[in-house]
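Here is a short note for a colleague who has not seen this structure before. Please read it with the model open beside you.

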Amino acid sequence: MFEKIRRITGVKEEHSILKCIKLLCLENDISVAELEKELGFSNGLISKWSNSSPTGDKIVKVAVRFGVSADYLLGLVEDIGTNDVNELHSK
């Protein structure tokens, strides 16, 4: 994912959860505003994550929505992986 961000932006940048979410939204044909509404977040909340850290429950909601791990959103791993939370919710 990091390489994809570098290709799209042309700039080597540090990982940010906001950029990761924007890329996932782009790949899934949904706007950030639509994602916020779908997840029950306040309008503009995700954009605020460029200057502040989201709470764990918000990270999990986004991860579950896109079927990725929280570690992926946080930039701890480059592989999307699977979200074990999805498996817990399906049982």
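Leaving aside its neighbours within four places in sequence, which residues is Ile 46 in contact with?

1. **Contacts of Ile 46.** Keep in mind that this is a predicted model. Ile 46 is in contact with Leu 18, Ile 21, Val 32, Leu 35, Glu 36 and Phe 41, once neighbours within four places in sequence are left aside. Ile 46 itself is found in the loop between α3 (32-39) and α4 (56-66). It is a buried loop residue: the relative accessible area of Ile 46 is 0%. Two of its partners, Leu 18 and Ile 21, are buried residues of helix α2.

2. **Ile 46 and Glu 36.** One of the contacts of Ile 46 is Glu 36. The two are 10 residues apart along the chain, and their C-alpha atoms are separated by 7.2 Å. Glu 36 has its place in helix α3.

3. **A buried acid.** What is the nearest side chain of opposite charge to Glu 36, and how far away is it? It is Lys 48, 8.4 Å away. A salt bridge needs a nitrogen within 4 Å of a carboxyl oxygen. Glu 36 is buried yet has no salt bridge. Its side chain does reach a backbone atom: the nitrogen of Gly 44, at 3.0 Å.

4. **The stretch around Glu 36.** Set aside residues up to four places away in sequence. Glu 36 then touches Phe 41, Ser 42, Asn 43, Gly 44, Leu 45, Ile 46 and Ser 47. Gly 44 thus appears twice here, as a residue that Glu 36 touches and as the owner of the backbone nitrogen that the Glu 36 side chain reaches. Phe 41 is touched by Glu 36 and is also in contact with Ile 46.

5. **The overall fold.** Now step back to the whole chain. The protein has six helices and zero strands. From the N terminus on, the order is α-α-α-α-α-α. Of the 91 residues, 32% are buried. Take contacts between residues at least 6 apart in sequence: 38% of them join residues at least 24 apart. The protein exposes about 5,800 Å², and carbon and sulfur atoms supply 51% of that area.

6. **Helix α2.** This helix covers residues 17-27. Its buried residues are Ile 17, Leu 18, Cys 20, Ile 21, Leu 23, Leu 24 and Cys 25. The two cysteines can be given values: Cys 20 has a relative accessible area of 0%, and Cys 25 has 2%.

7. **Cysteines without a bond.** Why do Cys 20 and Cys 25 not form a bond? The sulfur of Cys 25 is the closest cysteine sulfur to that of Cys 20, but it is 9.7 Å away, too far for a bond. A disulfide requires sulfur atoms within 2.5 Å. The structure holds zero disulfides.

8. **After α2.** Asp 29 follows α2 and lies in the loop between α2 and α3. Is Asp 29 buried or exposed? At 74% relative accessibility, Asp 29 counts as exposed. Its phi is near 55 degrees, a positive value in a residue other than glycine. Most residues other than glycine have a negative phi.

9. **Salt bridges.** How many salt bridges does a search of the whole structure find? The search finds two. In one, the side chains of Arg 65 and Glu 38 meet at 2.5 Å, N to O. Arg 65 lies in helix α4 and Glu 38 in helix α3, so this pair ties together parts that are 27 residues apart in sequence. Both ends are partly exposed: Arg 65 at 26% and Glu 38 at 46%.

10. **The other pair.** Lys 58 and Asp 57 also meet through their side chains in a salt bridge, at 3.9 Å, N to O. Lys 58 is partly exposed, with a relative accessible area of 22%. Asp 57 counts as partly exposed too, at 43%.

11. **Ser 69.** This residue lies in the loop between α4 and α5 (70-74). At 14% relative accessibility, Ser 69 counts as buried. A polar atom of its side chain lies 3.0 Å from the backbone nitrogen of Tyr 72.

Key:
Residues are numbered from 1 along each chain as its sequence is written. This is a predicted model: local features need pLDDT of at least 70, side-chain atom pairs count only at pLDDT 80 or more; totals for chains, interfaces and linings use all residues. Side-chain values use heavy atoms; hydrogens and water are left out. Helices (H or I, at least four residues) and strands (E, at least two) are DSSP runs, numbered from the N terminus. Buried means under 20% relative accessible area, exposed over 50%, partly exposed in between (1.4 Å probe, protein chains only). Contact means heavy atoms within 4.5 Å. Lys and Arg count as positive and Asp and Glu as negative; His and the chain ends are not counted. A polar contact is a pair of N or O atoms within 3.5 Å; within protein, one must be able to donate a hydrogen and the other to accept it, and residues adjacent in sequence count only if both atoms are side-chain atoms. Accessible areas come from the Shrake-Rupley method with a 1.4 Å probe; for residues, only the protein chains shown count as cover.
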